[in-house]
Amino acid sequence: MIKIRNMLAIIACKLLTVAGRLAGKKATSAPGAIAMKISPTILKDLSSQLKGPIVMVCGTNGKTTTNNLLYSLFKSQGKKVVCNNVGANMLPGVAWAFIDKASVFGTLKADCASIECDEASLRRVVPHVTPNKIIITNLFRDQLDRYGEIELTVSVINEAIDKLPDVQLILNGDDPLSAHFDKGRNCMYYGVDDNCNVSVRETKEGRFCSKCGAELSYNYYHYSQLGDYFCPSCSFKRPSLDYAARNVDLTNGMSFDVCFKNQKLPLKLNYRGFYNIYNVLASLCAFSESGFNTDNANKVLEDYKPQTARMEPFTVQGKTAILNLAKNPAGFNQAISTVLSDKSSKDVMIAINDGAGDGRDVSWIWDVDFEQLKNANITSLTVSGIRKYDLAVRFKYAGFENFDIADNNKDTLKKVVSGKGEVSYILINYTAMFETQTNLKAISDKEEAGK
């Protein structure tokens, strides 16, 4: 009976996926949700067939990139990988990822899994899928009306981990909030072991010691609360790093050495954004700790292309337009830091929506250090999105006198990318991403077709 229910669930999911995509939708979460209604055990039945590692990637920022890097590394070993690399990271999306790799008879055709998981959904996923490893990238304040304050996020992640006594945690050692998950568990730590002088003035989320409550001190920090921290009142400090980035150079992309297990892996990558060092370290740590050789990792990482709106480049009118997703103060501050590191003259557009996927509360924009953009060699600035007037007020208080307020549409993008700057940056939050990317593709595709 269970086998028949599983077969019906798989068939329904695959048919709904095809129908959804014919209608122009991603069609992952809804088909997955319906499959689990038909057979509530389908995900558990499929995931239990995997013989290789199951790695879950959790945390506020960097989940998608870290997960997709790990997917690429697993694939480089000739493995068939279950991966929700389209970004559907709640329970129905995870179910869809496994069903996508299954035959209609309920046989999973895969060797291992790399699964991105929403922080609040982790406790709902682990009863169905038992991971060998969980990566926690970082914890920042995000979507207050959904997640609440950081303490609530820590609590729900702990609830999930407590159900997994044998899991190995791969933690960002530079983040005191992530390091807090140790508690005698099996942990590996990664981080940046250089003072890279990339810090900007911004709000620190994890300012206080998780053991005694005293304010943390830093030998140096990179951004938000990430860095080489220690508590002046007790023994809490940044743990020894098992996978450390050293000799960091952010000139023309990024280069650094990954030091681990008495080895040194030199990397030179054409990535933008200091935060990507953490994504690379996390994926390499999970890959190596899963028993794979890193000899070919350099080429895999060099060949990796950014996913949707992760410093995604477009060519329009012979110039580069860069689209970047940022969902919270830490993400926006890092995007601004990347803009500042580009010495070209630039046209900048920032779009904020308040859809269900974004969080209705946009008060977080006051924690973004937009003032830094005064030093970014900007030739034009445009604010857009559903909450464009909130952004306009924020930029007025930041001291900007000349900027445009416009709807987020194709005409606005055309104006931004055809500005006087040498390059354009479009910084957006989640629900603004899809329309913006579609319009950028239409502009660049039209141009390419006319050549």
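This is a short tour of a predicted model, with suggestions for what to select at each stop.

**The whole chain**

Start with the full protein chain in cartoon view. You should be able to pick out 15 helices and 17 strands. Along the principal axes, the C-alpha atoms fill a box of roughly 65 × 60 × 40 Å. The radius of gyration is 22 Å, which agrees with the value near 22 Å for a compact globule of 451 residues. Buried residues account for 59% of those 451 residues. Of the contacts between residues at least 6 apart in sequence, 70% join residues at least 24 apart. Switch to a surface view and you are looking at about 18900 Å² of exposed area, with 49% of it supplied by carbon and sulfur atoms.

**A nonpolar patch**

Keep the surface on and select Ile-11, Leu-15, Val-104 and Phe-105, which make a nonpolar surface patch of about 380 Å². Leu-15 sits in helix H1, residues 2–22. This leucine counts as exposed because its relative accessibility is 58%, and the cut-off for exposed is over 50%.

**Thr-107**

Next, select Thr-107, in the loop between helix H5 (91–100) and strand E3 (112–116). Its relative accessibility of 42% makes Thr-107 partly exposed. Leaving aside residues up to four places away in sequence, Thr-107 touches Gln-49, Lys-101 and Ala-102. For a sense of scale, add Thr-379 to the selection and draw a distance from C-alpha to C-alpha: the two threonines are 57 Å apart in space and 272 residues apart in sequence.

**The cysteines**

How many disulfides does the structure hold? There are zero. To see two examples, begin with Cys-112, which is buried at a relative accessible area of 2%. The closest cysteine sulfur to that of Cys-112 belongs to Cys-83, 9.6 Å away, so the two are too far apart for a bond. Now move to Cys-196, also buried, at 16% relative accessibility. Here the closest cysteine sulfur is in Cys-259, and the 13 Å between them is too far for a bond.

**Salt bridges**

Side chains of opposite charge can pair when their charged atoms come close. A search of the whole structure finds 15 salt bridges, and a few make good stops.

- Select Lys-63 and Glu-119, whose closest N and O atoms are 3.1 Å apart in a salt bridge. Lys-63 lies in helix H4 (63–76) and Glu-119 in the loop between E3 and helix H6 (122–125), so the pair ties together parts that are 56 residues apart in sequence. Lys-63 is buried at 5% relative accessible area, and Glu-119 is buried at 2%.
- Select Arg-185 and Asp-162, which meet in a salt bridge at 2.6 Å, N to O. Arg-185 is in the loop between helix H9 (176–179) and strand E6 (187–192), while Asp-162 is in the loop between helix H8 (150–161) and strand E5 (168–172). Asp-162 counts as exposed, at 55% relative accessibility.
- Select Lys-261 and Glu-289, a salt bridge with its closest N and O atoms 3.2 Å apart. Lys-261 lies in the loop between strands E10 (254–260) and E11 (263–269), and Glu-289 in helix H10 (276–289), so this pair ties together parts that are 28 residues apart in sequence. Lys-261 is partly exposed, with a relative accessible area of 46%.

For the last stop, select Asp-174, Asp-193, Asp-228, Arg-238 and Arg-246 together: they are linked in a network of salt bridges.

Terms used:
Residues are numbered from 1 along each chain as its sequence is written. This is a predicted model: local features need pLDDT of at least 70, side-chain atom pairs count only at pLDDT 80 or more; totals for chains, interfaces and linings use all residues. Side-chain values use heavy atoms; hydrogens and water are left out. Patches are made of residues with over 30% relative accessible area and no salt bridge: like charges are joined within 9 Å, nonpolar side chains (Val, Leu, Ile, Met, Phe, Trp, Tyr) within 5 Å. Accessible areas come from the Shrake-Rupley method with a 1.4 Å probe; for residues, only the protein chains shown count as cover. A salt bridge is a side-chain nitrogen of Lys or Arg within 4 Å of a carboxyl oxygen of Asp or Glu. Helices (H or I, at least four residues) and strands (E, at least two) are DSSP runs, numbered from the N terminus. Buried means under 20% relative accessible area, exposed over 50%, partly exposed in between (1.4 Å probe, protein chains only). The radius of gyration is taken over C-alpha atoms; the globule rule is 2.2 Å times the number of residues to the power 0.38. Contact means heavy atoms within 4.5 Å. A disulfide is a pair of cysteine sulfur atoms within 2.5 Å.
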